[in-house]
Amino acid sequence: MKNIFLVFILLTNTFIFSQQNAYYQQKVEYKMNIDVDVKNYQYKGNQAIVYTNNSPDTLKVFYFHLYWNAFQPNSMMDQKLQTLGKKADSRMITNNGESRIHLLKDNEIGYQKILSLKQEDIPLKYTEEETILKVELAKPILPNTQTTFEMTWEAQVPLQIRRSGRNNSEGIDLTMTQWYPKVAEYDYEGWHTFDYIAREFQGVFGNFDVKINIDKNYILGAGGVLQNPDDVKGYTPIAKPKIKNKKILWHFKAENIHDFAWAADPDYTIDSIKVPEGPLVYLVYQKSENTKYWEDAKPKIVEYYQIMKENFGAYPYPVYSFIQGGDGGMEYGMCSMILGNSNSLQNLCGLMFHEGSHSWFQQIIASNESMRAWMDEGFTSYAENLVMSKIFPESVKNLPNPHYKTVNTYINFTKSGQEEAMGLLADHFKTNSAYSVAAYIKGELFLIQLGYIVGEQNLSKIMKEYFETWKFKHPTDRDFIHIAQKVSQMDLKWYWNYMTTTTRQIDYSIKAVTPYEENSTQITLENLGDFPMPVDLYVSYTDGTQEIYTIPLNMMHNTKKQEFSIPMKLLPYWKWTQKEYTFNLPFSMDKIKSMMIDATQRLGDANYQNNIYPKK
């Protein structure tokens, strides 16, 4: 009996301790010196790193990312492309479906070769595991202590294939992203040592102090604050570039971010816009007829930052740069790389606003895209479409909601048979299409449907509180749902589980509309799908009036309040085990003009044709 009691005490103490572990995150400070050989697309680098272990764990090994090692024949990224063939990202394969990486020559591959690595002046043993560097520490890093690393390395910039690289399709010489040996993240889920297969990234918040020595003809754009604008080209009219050995030294600093990127080209122009009570925004691009809309985008960018502040929270950093480069659009700390040639202002702004919105949902709220890509891509897409509907209202004219196209895209894709659960690790989807829909489309749908469940007013409160609570941190979907439940006072775990772990579909229908006694009509609704949801039935009467009958799901244990100017009437819960639901309207059938389940079309219903009465 005494032994049982001791076991109980130990288990209880363990449980209490686990509940008392406070949130923590690591911190890193980089100080880099880079010397670039633009002729051979190579550079040499050294960095001093101060790493703070704020975890309760003693770290006995350490990891870095070496992303550019993926751009070599027979790398894991190359193997994945060969497996996918024509189902792979079209940018990374030839017209015949052959991996472009597999065709790289020695002077076209990417690499990051570590020349030396020390911990507090002690040489370290390390192993290169392709895009991961595993390090045996000279001394363990104890909880709440710091250690320092000194590293030298050399690298070759790969031919532009994915995100990083040289000589992109628009003639930008150097897109320097994922370009340095980067400290891997460690948190309560352990070390995040995902191989680089083509998807995105996670990083440790910290500070960057970066000096780049490069050919005197080049102009740089970067995600940081330029420390010596008068000594370099392009940023001030009074600049007198300091040239030494035919090179110019560029010095950038950035605080409290988790990645640093830059690009360089001799033909860049630097423009800027100051957002009132917001950042100084740089436009770094090649001026030409193909980029004529960049100038027109300036007032739209100001409006963009104001709308984002109003709906999600204020951008907190002093600067942001939209930089022409890369292979499409990709976000980094205080900057994004985007293809700059555009055939319309709206298309250019759409790309800018998507990548810019990643600042909120990948850089400031730094969710882990390798594990939960939908929390960034989907939330970012939601913000993009919200902003675009306000800046370009004609783009959503006559649509039932600003996100209608996303809902419709999702419904159509479910019929392809390729859908996979959005909770999969980002690199592990069978097709590029399945990943894109899970991350971008279904991730956005997660918020669209959440607004349908809790009400748009509550969703707005949720997004603002999420930002304020988790900015400069690394939340998971559990953290988001916690806030959503707190704000809405609803149980939402069922929704979270169905959306992230299944590919089940929603399909509600109006099964029957029949007379019931005098001056009454009986409505029978049916759940034909396998994903339970609350139901809003919109009723239009022949006298021109409208009502919304809201049927909450029993698992919610609460219901939303009235969202719109149309009067809302609350009906009893629909049990999730129940396939049909019947109620009566206090009107005869001849008074009813039409009815529709989810007239706002936020539900993501697989078949809207059976949502309508009378049938068309």
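Reply: Start with helix angles: under 35 degrees is roughly parallel, over 145 roughly antiparallel, 65 to 115 roughly perpendicular, and the rest oblique. This is a predicted model, where local features need pLDDT of at least 70, side-chain atom pairs count only at pLDDT 80 or more, and totals for chains, interfaces and linings use all residues. Residues are numbered from 1 along each chain as its sequence is written, and side-chain values use heavy atoms, without hydrogens and water.

Me: At what angle do helix 5 and helix 7 cross?

Reply: Two packed helices are described by an angle and a distance between axes. Helix 5 (residues 373–391) and helix 7 (residues 432–454) cross at roughly 60°, and their axes come within 7 Å. Helices are DSSP runs (H or I, at least four residues), strands too (E, at least two), numbered from the N terminus. Axes are lines fitted to C-alpha atoms over the stretch in contact, with angles from 0 to 180 degrees between N-to-C directions. Helix 5 and helix 7 are therefore oblique to each other.

Me: Which residues of helix 5 and helix 7 make the contact?

Reply: Contact means heavy atoms within 4.5 Å. Helix 5 contributes residues including Trp374, Phe379 and Tyr382, and helix 7 residues including Tyr435, Phe446 and Leu447. By class, the contact has eleven nonpolar, four polar and two charged residues. Nonpolar covers Ala, Val, Leu, Ile, Met, Phe, Trp, Tyr, Cys and Pro; charged covers Asp, Glu, Lys and Arg; the others, Gly among them, are polar.

Me: How do helix 8 and helix 9 pack?

Reply: Helix 8 (residues 456–470) and helix 9 (residues 477–488) pack at about 135°, axes 9 Å apart. That angle makes helix 8 oblique to helix 9. Among the contact residues are Tyr466 and Trp470 of helix 8, and Phe480 and Ile483 of helix 9. Their contact has eight nonpolar, three polar and four charged residues.

Me: How much space lies in the largest pocket?

Reply: A probe the size of a water molecule, rolled over the atoms, shows where empty space is left. On a 1 Å grid over the protein atoms alone, a cavity is a set of points where a 1.4 Å probe fits but cannot get out; a pocket is an open set with protein on both sides within 12 Å along at least five of seven lines; lining residues have an atom within 4 Å of a point. The largest pocket holds about 600 Å³. Of its 20 lining residues, Asn21, Ala22, Tyr23, Tyr188 and Arg478 are closest to the centre. Helix 9 supplies the largest share, three residues.

Me: What volume has the largest cavity?

Reply: About 130 Å³. Helix 2 (residues 76–84) gives the largest share of its lining, four residues.

Methods. Points joined across faces, edges and corners; volume = space filled by probe spheres on them.
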